[in-house]
Amino acid sequence: MTNSVPEIPLPGSQSIPQLGFGVFQVPPQDTPETVRQALAAGYRHLDTAAMYRNEAGVGDASRTSGLNREDLFVTTKLWNSDQGRKPATRAFARSLDQLDFDYIDLYLIHWPVPSRDLYVESWRALIELQEEGRARSIGVSNFHIAHLERIIEETGVVPAVNQIELHPGHQQPELRDFHRRHGIVTEAWSPLGQGAALNEPTIAEIADELGRTPAQVVLRWHIQLGNVVIPKSVTPARIEENFDIFGFELGEERMRRLAQLDAGKRIGPHPDEFAKA
Ligand code: NAD
């Protein structure tokens with residue numbers, strides 16, 4: 001198995017491994033063991049959030065892994081109810097404490113929550129955290145073009161990353177194009193469409209043609225588009241399967257067939273409306 005994961009440079013001296021491991025819906029008590037399996041499989045990039053309530057397990061598995069902290073890339077996120085300048089700073093300190101780390105590699109605003117109109121203030125708090133070195137890189141999640149334009153215009157600071165729902169059924173071409181033009185890294189959440197993409201006949205066909213699995217085809221497609229991907233699984237064989245995507249390539253014709261699967265169909269909430277506290 002070829003296991004060198006490409007890295008994408010971020011502003012400053014950091015770079016982000018293009019393949020990471022997501023832990024949304026991994027129960028807190030199972031998180032240390034699941035993350036240990038991911039680290040043993042070769043993943044060095046972990047994606048958690050305050051809202052997942054499993055930051056402590058991510059920190060625990062990282063600290064006991066025998067790996068150097070500098071060799072890991074850990075992302076966590078500011079939850080909606082903690083938006084605002086002071087609450088965001090306090091929430092960051094809680095996340096750091098849960099992880100038991102000295103710094104976080106990437107801190108994201110989880111959702112814009114336009115109805116509260118606090119995302120610009122929250123972004124200012126993240127800028128300060130980065131200036132203090134406690135968050136090495138900062139970014140956002142689920143931001144649309146209008147939200148991105150507003151934070152850039154009001155603060156002059158471009159997010160390093162926007163983590164968005166992205167899979168073959170929901171390819172977000174306009175937003176990806178905006179990212180490209182502004183140097184924002186596109187990170188795909190639910191990169192496998194939470195498993196739904198794997199039943200798509202075209203994907204199964206391509207997998208058969210290449211002697212690969214549907215999950216590997218979808219993840220490889222993301223990698224070739226330049227997206228960062230953070231698939232989740234709690235099954236050891238799938239954790240390994242999802243990591244084994246660097247020993248083959250999709251040619252232009254197969255990339256075109258996959259591009260045709262875009263149906264603009266979300267599986268998650270709409271970022272303009274989502275306001276769960
Ligand atoms: P995903 O697309 O990674 O799908 C995960 C599901 O796909 C698994 O539960 C399993 O059922 C199936 N699966 C995984 N590997 C498989 C394989 N090899 N073969 C067959 N089935 C397989 O969906 P996700 O967990 O929603 O997203 C991944 C990560 O993205 C999360 O863990 C989280 O870190 C992040 N995320 C972020 C947001 C956000 O708002 N920023 C929202 C959702 C998820």
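**Strand β5 and its surroundings**

In this predicted model, strand β5, helix α3 (residues 85-99) and strand β6 form a β-α-β unit that is right-handed. A further right-handed β-α-β unit is made by β4, helix α2 (residues 55-63) and β5. Strand β5 thus takes part in the unit with α2 and in the unit with α3.

The pairing of β5 was examined on each side. Strand β4 (residues 45-47) runs parallel to β5, and 3 bridges join the two. One pair of bridge partners consists of His45 and Phe73, the latter lying in β5. Strand β6 (residues 104-109) is also parallel to β5, to which it is joined by 4 bridges. Across this pairing, Thr75 is placed opposite Leu106 of β6, and Thr76 is placed opposite Tyr107 of β6. Strand β5 spans residues 73-78 and is mostly covered, with 6 of its 6 residues buried.

These strands belong to an open sheet of 8 strands. The pairing is parallel, and the strand order is β3-β4-β5-β6-β7-β8-β9-β10. The edges of the sheet are formed by β3 and β10 (228-229); each has a single partner strand, so one side of each lacks a neighbour in the sheet.

The nonpolar residues were considered next. In soluble globular proteins, nonpolar side chains tend to be buried together. In this model, the largest nonpolar core holds 67 residues, of which Leu19, Tyr43, Tyr107, Trp123, Leu250 and Leu258 touch the most other members. Helix α4 (residues 119-131) supplies the largest share of this core, 7 residues. A second core, separate from it, has 10 residues, among them Ile8, Leu106, Ala160 and Val161. Tyr107 and Leu106, both named above as standing opposite residues of β5, are therefore assigned to separate cores: Tyr107 to the largest and Leu106 to the second. In a regular strand the side chains alternate between the two faces of the sheet.

The contacts of Tyr107 were listed without its neighbours within four places in sequence. They include Thr76, Lys77 and Leu78, and Thr76 is also the residue that Tyr107 faces in the strand pairing. Ala88, Ala91 and Phe92 are in contact with Tyr107 as well, and so are Leu126 and Leu129. The remaining contacts of Tyr107 are Ala135, Ser137, Ile138 and Gly139.

Positive phi values in residues other than glycine were found in two loops, described here in turn. Val113, in the loop between β6 and α4, has a phi near 45°. Val113 has a relative accessible area of 1%, and because buried means under 20%, Val113 is classed as buried. Ser190, in the loop between β9 (185-189) and α7 (201-210), has a positive phi of about 45° and is not a glycine either. The relative accessibility of Ser190 is 13%, so this residue also counts as buried. Apart from neighbours within four places in sequence, Ser190 is in contact with Leu166, His167 and Ile267.

Gln25 lies in another loop, between β3 (21-22) and α1 (31-41). With 54% relative accessibility, Gln25 counts as exposed. Gln25 and Arg220 are 195 residues apart along the chain, and their C-alpha atoms are separated by 24 Å.

Key: Residues numbered from 1 in each chain as written. Predicted model: local features only at pLDDT ≥ 70, side-chain atom pairs only at ≥ 80, totals over all residues. Heavy atoms only, no water. Buried < 20%, exposed > 50% of the residue type's maximum accessible area, 1.4 Å probe, protein only. Pairing = 2+ DSSP bridges. Right-handed = clockwise from strand over helix to strand, strands pointing away. Core = buried A, V, L, I, M, F, W, Y, C linked by side-chain atoms within 4.5 Å. Contact = heavy atoms within 4.5 Å.
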